[in-house]
Amino acid sequence: MYAAMIICPICKQNVDDDSRYCDQCGHALLYCSKCGQVGVGRRCTSCGGMMVSADERQDACAHSSRAGFSSQIFKGVSPAASSAACTGSTMDVPCQAGGYDIPTLLLVNPSLDIRIEGINGAVIGRRQGPYREFFENKMYVSGVHAQLLYHQNTGWSVMDRHSSNGTKLNERQMQPDISMPLKNGDILSIADVNLYVMIG
C-alpha cells in the first residue's frame with residue numbers, strides 16, 4: 001500500500017501528506033483548515049479557508065480530544081472521523097487552527113507607503129504572495145523573493161528564496177533557504193526596498 005502524497009508548493013516535489021516540512025527544500029508546510037489543501041499564504045486558494053501549520057493542526061486535534069470532540073471544531077463529524085483527521089489518515093476533515101497566539105509582525109516603509117502584516121508562511125515577492133501589490137513595480141524584487149515564517153519556540157523569522165538581488169537583515173546578506181530571526185527594530189532589505197521590523 002502506497003503512502004498518500006502531496007506536492008510541496010515551493011519546490012513542487014512529492015512529500016508524505018502528514019509532513020510538517022518538505023523533506024526536499026525544508027519548507028514548513030501549511031494546510032487549509034477547511035479542505036486540507038497544502039499551500040502558502042493566509043488563505044487557501046481553493047476554498048478560502050485559513051492556512052495553519054501541521055503543529056497547529058495537531059494541537060487543535062489534541063485539544064478537541066480533551067474537550068470531547070467539541071462541535072465547534074468538528075461540526076456534525078463523529079469522534080471516529082475526527083480522530084482519523086488528527087492522525088493524518090484522511091484529509092477530508094482537517095483540524096482547525098488553535099493553541100497559541102502569534103505576535104503581530106509589521107514590516108513598514110512610510111516613504112514608499114508600505115505596511116505589511118506578517119502571515120506565517122507568506123511569500124514576499126513581485127509576482128507571488130499576498131504582498132505583491134507593494135512590489136509589483138519594484139523591478140529588483142524577484143517574483144518569489146523571501147518568505148516569512150513563525151515558529152512557536154523561536155518566533156518570527158525570514159528566509160531568502162534564491163532571490164536574484166538578495167535579501168539583507170541589518171545590512172548583512174542572507175544565504176538562501178536559511179531562516180534568520182526577526183527582532184523589533186531590525187531592518188529587512190528586500191533587494192533595494194528597506195522595511196522596518198515591528199513586533200508586538
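1. The strand β9 is mostly covered, with 5 of its 6 residues buried. This and every other remark below concerns a predicted model, and the comments should be read with that in mind. β9 spans residues 146–151 and is one of the strands that supply at least two residues each to the largest nonpolar core.

2. On one side of the pairing scheme, β9 and β10 are joined in the antiparallel sense over 6 bridges, and the two strands form a hairpin with 3 residues between them. Two of the residue pairs can be named: A146 has D160 of β10 as its bridge partner, while Q147 is matched with M159, also in β10.

3. β9 also pairs with β8, to which 2 bridges join it in an antiparallel arrangement. Here V123 stands opposite Q147 of β9, and since the bridge partner of Q147 in β10 is M159, Q147 is a convenient residue from which to trace the pairing.

4. These strands belong to an open sheet of 4 strands, ordered β8-β9-β10-β13 and paired antiparallel. Its edges are formed by β8 (123–124) and β13 (180–181), each of which has a single partner strand, so one side of each is left without a neighbour in the sheet.

5. A further open sheet has 6 strands in the order β7-β6-β15-β14-β11-β12, again with antiparallel pairing. β7 and β12 (172–173) stand at its edges, and because each has a single partner strand, one side of each lacks a neighbour in the sheet. Between β6 and β7 the antiparallel pairing extends over 4 bridges, and L107 has I116 in β7 as its bridge partner.

6. The largest nonpolar core has 24 residues, and the members that touch the most others are L107, I124, Y131, F135, L148 and L182. Strands that each supply at least two of the core residues are β6 (105–109), β7 (114–117), β9 (146–151), β10 (155–160), β14 (187–190) and β15 (193–199). A second, separate core has 8 residues, including I6, C8, C22 and Y31.

7. The surroundings of L182 deserve a closer look. Once residues up to four places away in sequence are set aside, L182 touches L105, L148, W156, S157, V158, L169, V197 and I199. Of these, L148 is itself named, together with L182, among the core members that touch the most others.

8. R126 lies in the loop between β8 and α3 (132–135). With a relative accessibility of 17%, R126 counts as buried, because the cut-off for that class is under 20%. Apart from neighbours within four places in sequence, R126 is in contact with R132, F135, E136, K138, M139, V141, S142 and G143. For one of these contacts a backbone distance can be given: the C-alpha atoms of R126 and S142 are separated by 5.8 Å, although the two residues are 16 residues apart along the chain. Another of the contacts, F135, is among the residues that touch the most other members of the largest nonpolar core.

9. Finally, the second largest pocket has a volume of about 280 Å³. Its lining is made up of 17 residues, and those that lie nearest its centre are G39, V40, G41, R43 and T45. Sorted by class, the lining of this pocket has 7 nonpolar, 7 polar and 3 charged residues.

Notes. Residues are numbered from 1 along each chain as its sequence is written. This is a predicted model: local features need pLDDT of at least 70, side-chain atom pairs count only at pLDDT 80 or more; totals for chains, interfaces and linings use all residues. Side-chain values use heavy atoms; hydrogens and water are left out. A nonpolar core is a set of buried Ala, Val, Leu, Ile, Met, Phe, Trp, Tyr and Cys residues joined through side-chain atoms within 4.5 Å. Buried means under 20% relative accessible area, exposed over 50%, partly exposed in between (1.4 Å probe, protein chains only). Contact means heavy atoms within 4.5 Å. On a 1 Å grid over the protein atoms alone, a cavity is a set of points where a 1.4 Å probe fits but cannot get out, and a pocket is an open set with protein on both sides within 12 Å along at least five of seven lines; lining residues have an atom within 4 Å of a point. Grid points are joined across faces, edges and corners, and a volume is the space filled by probe spheres set on the points. Ala, Val, Leu, Ile, Met, Phe, Trp, Tyr, Cys and Pro count as nonpolar, Asp, Glu, Lys and Arg as charged, and the others, Gly among them, as polar. Two strands pair if DSSP finds at least two bridges between them.
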